[in-house]
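Have the sequence open beside the 3D view, and turn the view around as you read. We'll go through a few spots one after another.

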Amino acid sequence: MDIMEELTQRYPALSGCAQAVAQASEALVEAYRNGGKLLVCGNGGSGADAEHIVGELMKEFYIRRPLSREEQQRLAAVDEAGILLGQHLQGALPAIPLTGSIALSTAYSNDAVPELVFAQQVWGHGKAGDVLLAISTSGSSKNVYYAIVAAKAKGMVVIGLTGSRQGTMDHLCDICIKAPAEETYQVQEYHLPIYHAICRYVEEKMFAGE
């Protein structure tokens, strides 16, 4: 069964945003195929979701991602420890959660403007062709909004993951996935199957058949 079809069968309420989920998935595949990476940001539970998403992309999620024979040989050529690495390392999709880096984030919040902490990291990490996944249940989180502005100036693709309310960030997103709920916890409950579907789709496109 198609991943997007499965998503809407399991969660019929998400039928209205299935097209946006598919577009976001394709945009991320295109970025990875062109050597790009993903940056993810959010606050509170959405910050935890950012870490979760990165975890699904940087290692095996739904299918196996063994290294190629060439990659294993390159590792083994460095040192005998490379044999172990070649057997156990997994294919990775570059992704960075902007919710980590506690020393950087606290120093910037203390020394500069706290609401710009995500924007500063986008400015440092981001480049044209990368993707920013901006998560905000309200669609109006200031630090997420500022990160989007920085990403657009860098030439990045911006995917918004929000709730049903109209938010200040909506008009800046290239793709905006609006979960059909307003209460924070209900929006977050929908966000989980949405980003799992995206991660599964991207993984299969990048690694299936290898």
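Serine 101 sits in the loop between β2 (95-97) and α6 (102-111). Keep in mind that this is a predicted model, so what follows describes computed coordinates. Serine 101 isn't a glycine, and yet it has a positive phi of about 50 degrees. Is serine 101 buried, exposed or partly exposed? With a relative accessible area of 43%, serine 101 is partly exposed, because that label covers values between 20% and 50%.

Another loop to look at is the one between α3 (45-58) and α4 (69-78), where you'll find proline 66. Proline 66 is partly exposed too, at a relative accessible area of 41%. Now pick out phenylalanine 118: its C-alpha atom is 33 Å from that of proline 66, and the two residues are 52 places apart along the chain.

Next up is glycine 126, in the loop between α7 (117-125) and β3 (131-135). Being in a loop doesn't settle whether a residue is covered, so check the number: glycine 126 has a relative accessible area of 8%, and that makes it buried. Which residues does glycine 126 touch, once those up to four places away in sequence are set aside? They are Lys37, Leu39, Gln121, Lys154 and Met156. Alanine 151 is worth finding here as well, since its C-alpha atom is 7.0 Å from that of glycine 126, with their positions 25 residues apart along the chain.

Let's move to a glycine in a strand. Glycine 160 belongs to β4, which runs over residues 157-162. Its relative accessibility is 0%, so glycine 160 counts as buried. Ignoring neighbours within four places in sequence, glycine 160 is in contact with Ala134, Met169, Cys173, Ile175, Cys176 and Ile177. Histidine 52 is 108 residues away from glycine 160 in sequence, and their C-alpha atoms are 16 Å apart in space.

Two cysteines turned up in that contact list, Cys173 and Cys176, which leads to the topic of disulfides. How many disulfides does a search of the whole structure find? The count is zero. Take cysteine 41: it is in no disulfide, and the nearest cysteine sulfur, in cysteine 173, is 10.0 Å away. Cysteine 41 counts as buried because its relative accessibility is 0%. What about cysteine 173 itself? Its closest cysteine sulfur is the one in cysteine 176, at 4.6 Å, and that is too far for a bond. The cut-off used for a disulfide is 2.5 Å between the sulfur atoms. Cysteine 173 is buried as well, with a relative accessible area of 11%.

Now for some helix packing, with three helices to compare in pairs. Start with α2 (residues 18-33) and α9 (residues 184-207), whose axes are 9 Å apart and make an angle of about 40 degrees. That angle makes α2 oblique to α9, and the crossing is right-handed. On the α2 side, the residues that meet α9 are Val21, Ala24, Ser25, Glu26, Leu28, Val29, Tyr32 and Arg33. Their partners in α9 are Ile194, Ile198, Tyr201, Val202, Lys205 and Met206. Sorted by class, this contact has ten nonpolar residues, one polar and three charged.

Helix α1 (residues 3-10) packs against α2 as well, at an angle of about 145 degrees and with 10 Å between the axes. This crossing is right-handed. Met4, Leu7 and Thr8 come from α1, and they meet Ala18, Val21, Ala22 and Ser25 in α2. The contact of α1 with α2 has five nonpolar residues, two polar and no charged ones.

The remaining pair is α1 and α9. Their axes come within 10 Å and cross at roughly 160 degrees, which means α1 is roughly antiparallel to α9. The crossing of α1 and α9 is right-handed. From α1, Ile3, Met4, Glu6 and Leu7 take part, meeting Pro193, Ile194, Ala197, Arg200, Tyr201 and Glu204 in α9. In this contact, seven residues are nonpolar, none are polar and three are charged.

Key. Residues numbered from 1 in each chain as written. Predicted model: local features only at pLDDT ≥ 70, side-chain atom pairs only at ≥ 80, totals over all residues. Heavy atoms only, no water. Helix = DSSP H or I, 4+ residues; strand = E, 2+ residues; numbered from the N terminus. Buried < 20%, exposed > 50% of the residue type's maximum accessible area, 1.4 Å probe, protein only. Contact = heavy atoms within 4.5 Å. Axes fitted to C-alpha atoms, helices over the stretch in contact; angles between N-to-C directions. Parallel < 35°, antiparallel > 145°, perpendicular 65-115°, else oblique. Left-handed = near helix turned anticlockwise from the far one by under 90°. Nonpolar A, V, L, I, M, F, W, Y, C, P; charged D, E, K, R; others polar.
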